[in-house]
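Colleague: Could you take me slowly through one part of this protein, the sheet in its opening domain, and then show me how that part sits beside the rest of the chain?

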Amino acid sequence: MTGDPAAPHDRLLVGAMQTSPDAFVVLDHEDRVEWWNRAAERLFGWPVEEAAGQLLTDLVVPEQYRAAHHAGLRRRAAGARPRLGADPVQVEALCRDGRRILVELSVGELEWQGGRRFHAFIRDVTDREAARGALELSENRSRTAFENAPVGMLLTEVDGDGFGQVMSVNPAAVEMLGRSYDELRSLSLGAITHRDDAPLDADRVPGLLRGDVDKLQYEKRFVRPDGRPVWVSFSASVVRDIDGTPMHAIHQLVDITERLAAAQQLVRLNDELRRTNEELAAANAELDRFTAAVAHDLKSPLMAILMHADLMVESHGHGGALRGAAAISRSARRLNALIEGLLGYSRAEHAALRRQWVDLDTLVDEVAEELAVAAGGRPRVTRDRLPSLHVEAVLLRQVVANVIGNGLKYVAPDVTPHVHVSAEQDDSTQAWTLRFRDNGIGIPSASRERVFEIFHREATDHPGSGIGLATCRRIVERHGGRIWVDDGDDGGSVVSVLLPPSG
Ligand code: ADP
């Protein structure tokens, strides 16, 4: 073999073969290489001189397929016709350096220079197939993402300066829009857009198609077949060809119908709540005005009754008339105390809160003094060192007087009343808690909340109106604080008043 099978009249053909970008190989009837072109040399790495005379199978067929190839050759030697076809086949081939490549093979048969030969065009398609594989993979990924996306997705045509006919739609969009896949594919996006939202699209879409923006996002409505609107958060972007001409539009739809309904419901509830609050505040203010007015109006005739009863006691100092007048006087005094209490309760809510520094040592001493005088000097009030607090002086005095007064009042008959006042400060909040500890009859745990309700009384064998602690709570709460009651360590009660720092 010479490596050049061409007779002079075939030189033209051989020259042409040498310029072919595909490998070209001529085999004798036993499948030995007679000649191959430069592209084959480049592809397989064997110069034609070395390739010539060798079995093609041994040269370029990977080890694992060789046995099958040799069997084929033996069948051919025994007279079987090779399977030749016009269509190229894809096979794996081996290069001299051990690389495995994928080639496309078009085999033919010819009679030449007195013998039967085979020839083949061989094209390296490794890269093409790898690219096709990558493309398929990427298409698969996109399709899977599209199909399984939890948001609605549509692919539409682009029609002039708007979105056109639906080309593809995923199951989430089918569900959201309430129309079948086929129906949606027969419609344009405009046909299922809510009439009132068509101007939104008309405003924005031309800019997207022109490329002024990369993406659109806004809220709009589509219409289901039953006429029901579906509110969606809508995004759209455009797929362009390499010239930048818009080809398709991709749309994403997130159903926000429920979110909007919930938000609207929230607004409605808030409105209702605000209205109810306003009504409540108005009703409270009205009630307080009423209480104050009634108390004032009751007070003047009452004072007149009291005065006349006292005069009667003084001037008709005998018998039934005296007892009657004394009873009138007692009732009138109780009524007066009740009215005073109501006035205090109303004031506790409405008096301006003018804070000033109040020295609690002095305040407690003064209140203790007044109460001792009223009780004929018997009760004892003791205290630790107390702080000065920035509070409304008159109102705080009312609290201190009420709480100490109760501590001294609600004691068993044979016990000398004793109230001890102490105070402690919370390091982190700086709030002060005043504690009023008494040796009284205590308050049942079930009633510890209720004693702060107006008119609630526990120990009805002691005089009182049930207004004192309710008034205290109003005052303390207006200072931003809290008041509560606990059991004392050895009987009695501890009333605590927590007052946060002002401002
Ligand atoms: P009043 O003393 O005029 O009845 P308050 O509102 O001051 O009204 O008190 C409500 C009720 O709480 C009282 O009737 C009394 O039963 C109970 N109470 C208040 N302070 C004490 C206390 N320190 N010890 C025992 N019971 C108390």
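**A close look at a sheet and its surroundings**

Modeller: I will begin with the record, whose unreviewed UniProt entry carries the annotation "domain: PAC" for residues 216-268. Please keep in mind throughout that this is a predicted model. Over residues 216-268 the chain is 23% helix and 57% strand, and the C-alpha atoms at the two ends of that stretch are 31 Å apart.

Now to the sheet you asked about, which is an open one of 5 strands, arranged in the order 2-1-5-4-3 with antiparallel pairing. At its edges are strand 2 (33-36) and strand 3 (89-94), each of which pairs on one side only. From one strand to the next, the twist averages 35°. As a general point, the strands of a sheet pair through backbone hydrogen bonds, and they may do so in a parallel or an antiparallel way. If you follow the edge formed by strand 2, you will find that strand 1, residues 23-27, runs antiparallel to strand 2 and is joined to it by 3 bridges. One place to look is Leu27, whose bridge partner in strand 2 is Val33.

A second antiparallel pair makes a useful comparison, namely strand 6 (residues 152-159) and strand 7 (residues 162-169), which are held in register by 5 bridges. Within this pair, Thr156 has Val166 of strand 7 as its bridge partner. Strand 6 and strand 7 form a hairpin with 2 residues between them, and Gly160 in the turn has a positive phi of about 60°.

To place these strands in the whole chain, note that the protein is divided into domain 1 (8-129), domain 2 (149-255), domain 3 (261-344) and domain 4 (351-499). The centres of domain 3 and domain 4, taken over C-alpha atoms, are separated by 23 Å. Where these two meet, 5 residues of domain 3 are in contact with 5 residues of domain 4. The side of domain 3 that touches domain 4 has 3 nonpolar and 2 polar residues, but no charged ones.

Finally, there is the ligand, which is surrounded by 22 residues, the closest being Asn406, Glu458, Gly464, Gly468 and Leu469. The elements that give two or more residues to this shell are helix 13 (393-409) and helix 14 (468-478). Sorted by class, the shell around the ligand has 8 nonpolar, 11 polar and 3 charged residues.

How values were computed
Residues are numbered from 1 along each chain as its sequence is written. This is a predicted model: local features need pLDDT of at least 70, side-chain atom pairs count only at pLDDT 80 or more; totals for chains, interfaces and linings use all residues. A residue is near a molecule or strand if its C-beta atom, placed from the backbone, lies within 6 Å of it. Helices (H or I, at least four residues) and strands (E, at least two) are DSSP runs, numbered from the N terminus. Ala, Val, Leu, Ile, Met, Phe, Trp, Tyr, Cys and Pro count as nonpolar, Asp, Glu, Lys and Arg as charged, and the others, Gly among them, as polar. UniProt positions are given in the numbering used here, feature names are shortened, and annotations may be inferred rather than shown by experiment. Two strands pair if DSSP finds at least two bridges between them. Axes are lines fitted to C-alpha atoms, for helices over the stretch in contact, and angles run from 0 to 180 degrees between N-to-C directions. Domain bounds come from an automatic or database domain assignment. Two residues are in contact if their C-beta atoms, placed from the backbone, lie within 7 Å.
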